[in-house]
Amino acid sequence: MKDTVTGCSVELAMHLLGGRWRLLIASYLIDGPKRFNELRRLIPGISQRMLSLDLRALEDASLIARTVYPTVPVKVEYALTEEGRRLGKVVAVVQEFGLWLKDRNSN
């Protein structure tokens, strides 16, 4: 992972989880393992390439695990690791903030 400019822990977290999709991917994996195409259906705006890149980045950070089952055709599942489950608190706070924003914007 790249060094931070400021050395701030928030910058470090945003470097890993920033962008449009990574925290959203993690939020869907909180409910349990998902296959690649399941994630594509849950996140219709994401391209196949971006989903692959973000899954790889989260895997490289040891937040998700990729399991390949030796079947025909090959079955691959993605799941949060023990470390990745720590994102549950982050997802909950962001979800709460998002609900507040939706409510504020609807008034």
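Let's start with one residue: Asp54 touches Trp21, Arg22 and Ile25, leaving aside residues up to four places away in sequence. Contact here means heavy atoms within 4.5 Å. Asp54 is found in helix 4, and at 6% relative accessibility Asp54 counts as buried. The labels work like this: buried means under 20% relative accessible area, exposed means over 50%, and partly exposed is in between (1.4 Å probe, protein chains only).

Before going further, keep in mind that this is a predicted model, where local features need pLDDT of at least 70, side-chain atom pairs count only at pLDDT 80 or more, and totals for chains, interfaces and linings use all residues. Residues are numbered from 1 along each chain as its sequence is written, and side-chain values use heavy atoms, with hydrogens and water left out.

**The overall layout**

What is the chain built from? The protein chain has five helices and three strands. Reading from the N terminus, the elements run α-α-β-α-α-β-β-α. Helices (H or I, at least four residues) and strands (E, at least two) are DSSP runs, numbered from the N terminus. Taken along the principal axes, the C-alpha atoms of the chain fill a box of roughly 50 × 40 × 25 Å. Of the 107 residues in the chain, buried ones make up 28%. Now take the contacts in the chain with a separation of 6 or more: residues 24 or more positions apart account for 40% of them.

**Salt bridges**

Side chains of opposite charge can pair when their charged atoms come close. How many salt bridges does the structure hold? The structure holds three. A salt bridge is a side-chain nitrogen of Lys or Arg within 4 Å of a carboxyl oxygen of Asp or Glu. Here they are, with the N to O distance for each pair.

| Acidic residue | Basic residue | N to O distance |
|---|---|---|
| Asp54 | Arg22 | 3.0 Å |
| Glu77 | Lys75 | 3.7 Å |
| Glu82 | Arg85 | 3.4 Å |

So we meet Asp54 again, paired with Arg22 in a salt bridge. Asp54 lies in helix 4 and Arg22 in helix 2, so this pair ties together parts that are 32 residues apart in sequence. Is Arg22 buried or exposed? At 18% relative accessibility, Arg22 counts as buried.

The other two pairs have their own stories. Glu77 counts as buried at 17% relative accessibility, while its partner Lys75 counts as partly exposed at 29%. In the pair of Arg85 and Glu82, Glu82 counts as exposed, with 59% relative accessibility.

**Where two helices cross**

Helix 2 shows up in another spot too. The axes of helix 2 (residues 22–29) and helix 5 (residues 87–106) come within 10 Å and cross at roughly 110°. Axes are lines fitted to C-alpha atoms, for helices over the stretch in contact, and angles run from 0 to 180 degrees between N-to-C directions. Helix 2 and helix 5 are therefore roughly perpendicular to each other, a label that covers 65 to 115 degrees (under 35 is roughly parallel, over 145 roughly antiparallel, and the rest oblique).

Which residues make the contact? On helix 2 they are Leu23, Ala26 and Ser27, and on helix 5 they are Leu87, Val90, Val91 and Val94. Sorted by type, the residues of this contact are six nonpolar, one polar and no charged. For that sorting, Ala, Val, Leu, Ile, Met, Phe, Trp, Tyr, Cys and Pro count as nonpolar, Asp, Glu, Lys and Arg as charged, and the others, Gly among them, as polar.

Let's pick out Val90, which is found in helix 5. Val90 is partly exposed, with a relative accessible area of 34%. The C-alpha atoms of Val90 and Ser106 are separated by 24 Å, and these residues are 16 residues apart along the chain.

**A few backbone details**

Two loops are worth a look. A cis peptide bond joins Val72 and Pro73, with omega at about -5°. Pro73 is found in the loop between strand 2 (64–69) and strand 3 (75–80). Ser62 lies in the loop between helix 4 and strand 2. Phi of Ser62 is near 65°, a positive value in a residue other than glycine. Ser62 counts as partly exposed, at 38% relative accessibility.
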